[in-house]
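Grab a pencil and work through these short exercises. Each one has a task, then a solution in steps.

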Amino acid sequence: MNNIITPKYIKKYVQKKSGIKDLSINNSKRHMVDARAVAFKLSKDFCSSVSFDVIGKEYNKSHASVMHGIKIFDNLKNHQSFRRNRNLYEICLKYFLKISDETEYIELREKQSIVDLQKEYENKIESLVKNYEKVIETQNKTLNLLRNNALIQRITELNEIGRASCRER
């Protein structure tokens with residue numbers, strides 16, 4: 001962790017860039033909740049050794065509120081309605097990356113890249129599993145139709161009789 005970047009510093013910078021006077025006031029309006037979520041996410045990314053509890057105290061919130069805010073951010077970061085806050089996040093992220101040293105930047109980018117790749121592959125695997133389940137279901141239906149077909153049953157019986165007679169010869 002870079003000693004310059006603290007949850008308090010992040011809070012002040014997010015307040016400045018978002019135009020919100022105080023992120024710690026008890027206000028549940030969407031723009032406040034989303035701006036806090038951005039600040040929580042930045043705090044966790046840049047102050048990884050700081051607990052959720054310590055981050056929460058900076059905003060007069062519980063550790064659970066911080067965890068929920070980060071979850072909101074992660075779930076909505078690519079959603080169209082979150083565009084304004086995504087821009088706020090990117091502006092703040094660039095600023096904090098500038099003032100942090102390069103090794104932290106690389107670690108953060110790698111961590112995000114790995115998480116993004118993991119999600120991408122999980123989605124691909126889930127899609128493949130669904131496709132294979134459909135194929136198996138179709139094949140099982142076909143197999144059941146063949147098993148219940150009288151002509152196929154008769155051919156199978158004749159093959160068994162033919163094999164038995166071959167063995168006798």
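**Exercise 1.** Is Val 129 buried, partly exposed or exposed?

*Solution.* Before starting, note that this is a predicted model, where local features need pLDDT of at least 70, side-chain atom pairs count only at pLDDT 80 or more, and totals for chains, interfaces and linings use all residues. Residues are numbered from 1 along each chain as its sequence is written, and side-chain values use heavy atoms, with hydrogens and water left out.

Step 1: buried means under 20% relative accessible area, exposed over 50%, and partly exposed in between (1.4 Å probe, protein chains only).
Step 2: Val 129 has a relative accessible area of 40%, so call it partly exposed.
Step 3: to place it, look in helix H6 (residues 102–147).

**Exercise 2.** Find the salt bridge partner of Glu 58, and say where the two residues sit.

*Solution.* Step 1: the rule asks for a side-chain nitrogen of Lys or Arg within 4 Å of a carboxyl oxygen of Asp or Glu.
Step 2: Lys 11 fits, at 3.7 Å from N to O.
Step 3: Glu 58 belongs to helix H3 (residues 52–58) and Lys 11 to helix H1 (residues 7–18), so the pair, 47 residues apart, links distant parts of the chain.
Step 4: check the cover: Lys 11 is buried at 10%, while Glu 58 is partly exposed at 23%.
Step 5: add Asp 22, which joins Lys 11 and Glu 58 in a salt-bridge network.

**Exercise 3.** How far apart are Asp 34 and Arg 30 in helix H2?

*Solution.* Step 1: count 4 residues, about one turn of the helix.
Step 2: their side chains form a salt bridge at 2.9 Å, N to O.
Step 3: Asp 34 is buried at 4%, whereas Arg 30 is exposed at 52%.
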